[in-house]
Amino acid sequence: SSFKVYAYAAALEQGFTPFDTILDAPLTVMSGGQPYSPHNYDERFEGNITLRRALADSRNVPAIRLAEKIGINSVVEMAHRFGITSPLPPYLPIVLGAADLNLMEHTSAFTVFPDDGIRIDPHLIRRVTTYDGAVLEQTRPNIRDVIAPDVARTMVAMLQDVINIGTGQQAKALMRPAGGKTGTTNNFTDAWFMGFTPQLTTGVWVGFDDKAISLGKGETGARAALPIWIEF
């Protein structure tokens, strides 16, 4: 579900607002030539809810409806702009995490939100200096605009809602501004929490190299990954 942010960012760019409503009700759509019926984690439906609420509570069906409205190709294009290089087949299930991402690219992409829409390519060494401070070498990473600042700021506010009223409420224990997104894959094989404070963006992934192995029933992003993020 941490992938949902790219769908919401694409929707905001197309003119949606956090207070627009989307229907949380049973849905079947064609995806890749097959009928696809997404389900919410709690197996319940809430009717018309705001985009803000849908993201904060990580409602799956509204996220699929939103991606269908704006076009799945728009979601894929947005993820690529954020720096996601892993293969992203243009099918609706990727919105709920059907595509495999690596932790570096996903964390790097999340920095775009608190950085006012700007992406800085990951780099491991900032500068090399002599003992007295003379610069021998300095990294100049690629910097580019990804989304408009107002879109980034709106996404930051929505991701703060995840912690204030949504699936990431444990992080309120930090007693400082923070935003982020939980993620849980089918059969609890992967747990994610991607989040940021004003100073730092951090991603946590919990899982096995063998993706057939489950972490165990109920081991969601909020339960397995978020406590590690908070402690760090």
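**Exercise 1. The main core**

Find the largest nonpolar core in this predicted model and name the residues with the most contacts inside it.

*Solution.*
- Step 1. The largest nonpolar core holds 53 residues.
- Step 2. Inside this core, Tyr-6, Phe-82, Phe-113 and Met-155 have the most contacts.
- Step 3. Now ask which elements supply two or more residues. They are helix 1 (4-13), helix 2 (51-56), helix 3 (60-70), helix 4 (72-81), helix 5 (103-110), helix 6 (149-164) and strand 10 (190-196).
- Step 4. Helix 1 gives the largest share, eight residues.
- Step 5. Put this in context: nonpolar side chains tend to be buried together in soluble globular proteins.

**Exercise 2. Around Phe-82**

List the residues that Phe-82 touches, leaving out those up to four places away in sequence.

*Solution.*
- Step 1. Start with the lower numbers: Phe-82 touches Tyr-6 and Ala-9.
- Step 2. Go on along the chain: Phe-82 also touches Ala-109, Val-112, Phe-113 and Arg-119.
- Step 3. Finish with Val-146 and Ile-147.
- Step 4. Compare with the core: Tyr-6 and Phe-113, two of these partners, are listed with Phe-82 among the residues with the most core contacts.

**Exercise 3. A second core**

How many residues make up the second, separate core, and which residues does it include?

*Solution.*
- Step 1. The second core has ten residues.
- Step 2. Its members include Ile-163, Phe-193, Ala-224 and Leu-226.

**Exercise 4. The chain as a whole**

Check whether the radius of gyration agrees with a compact globule.

*Solution.*
- Step 1. Count the elements: the chain has seven helices and eleven strands.
- Step 2. For 232 residues, a compact globule would have a radius of gyration near 17 Å.
- Step 3. The chain has 18 Å, which agrees.
- Step 4. Add the dimensions: the C-alpha trace spans about 65 × 40 × 35 Å along its principal axes.
- Step 5. Turn to burial: 47% of the 232 residues count as buried.
- Step 6. Look at contacts with a separation of 6 or more. Residues 24 or more positions apart account for 63% of them.
- Step 7. Finish at the surface. The accessible surface is about 11800 Å², and carbon and sulfur atoms hold 53% of it.

**Exercise 5. Positive phi**

Locate Glu-43 and Asn-187, and decide for each: buried or exposed?

*Solution.*
- Step 1. Recall the background: most residues other than glycine have a negative phi.
- Step 2. Glu-43 has a positive phi, near 60 degrees. Asn-187 also has a phi near 60 degrees.
- Step 3. Glu-43 sits in the loop between strand 3 (34-36) and strand 4 (47-50). Asn-187 sits in the loop between strand 9 (179-184) and strand 10.
- Step 4. Apply the cut-off: exposed means over 50% relative accessible area.
- Step 5. Glu-43 has 56%, so it is exposed. Asn-187 has 60%, so it counts as exposed.

**Exercise 6. Lys-69 and Ser-31**

Classify Lys-69 and Ser-31 as buried or exposed, then list their contacts beyond four places in sequence.

*Solution.*
- Step 1. Lys-69 is in helix 3. Its relative accessibility is 57%, so Lys-69 counts as exposed.
- Step 2. Lys-69 touches Phe-16 and Ile-22.
- Step 3. Check a C-alpha distance: Lys-69 and Ala-11 are 58 residues apart along the chain, and their C-alpha atoms are separated by 8.7 Å.
- Step 4. Ser-31 is in strand 2 (residues 29-31). Buried means under 20%. Ser-31 has a relative accessible area of 14%, so it is buried.
- Step 5. The contacts of Ser-31 are Tyr-36, Tyr-91, Leu-92 and Pro-93.

Technical notes: Residues are numbered from 1 along each chain as its sequence is written. This is a predicted model: local features need pLDDT of at least 70, side-chain atom pairs count only at pLDDT 80 or more; totals for chains, interfaces and linings use all residues. Side-chain values use heavy atoms; hydrogens and water are left out. Helices (H or I, at least four residues) and strands (E, at least two) are DSSP runs, numbered from the N terminus. The radius of gyration is taken over C-alpha atoms; the globule rule is 2.2 Å times the number of residues to the power 0.38. Buried means under 20% relative accessible area, exposed over 50%, partly exposed in between (1.4 Å probe, protein chains only). Contact means heavy atoms within 4.5 Å. Accessible areas come from the Shrake-Rupley method with a 1.4 Å probe; for residues, only the protein chains shown count as cover. A nonpolar core is a set of buried Ala, Val, Leu, Ile, Met, Phe, Trp, Tyr and Cys residues joined through side-chain atoms within 4.5 Å.
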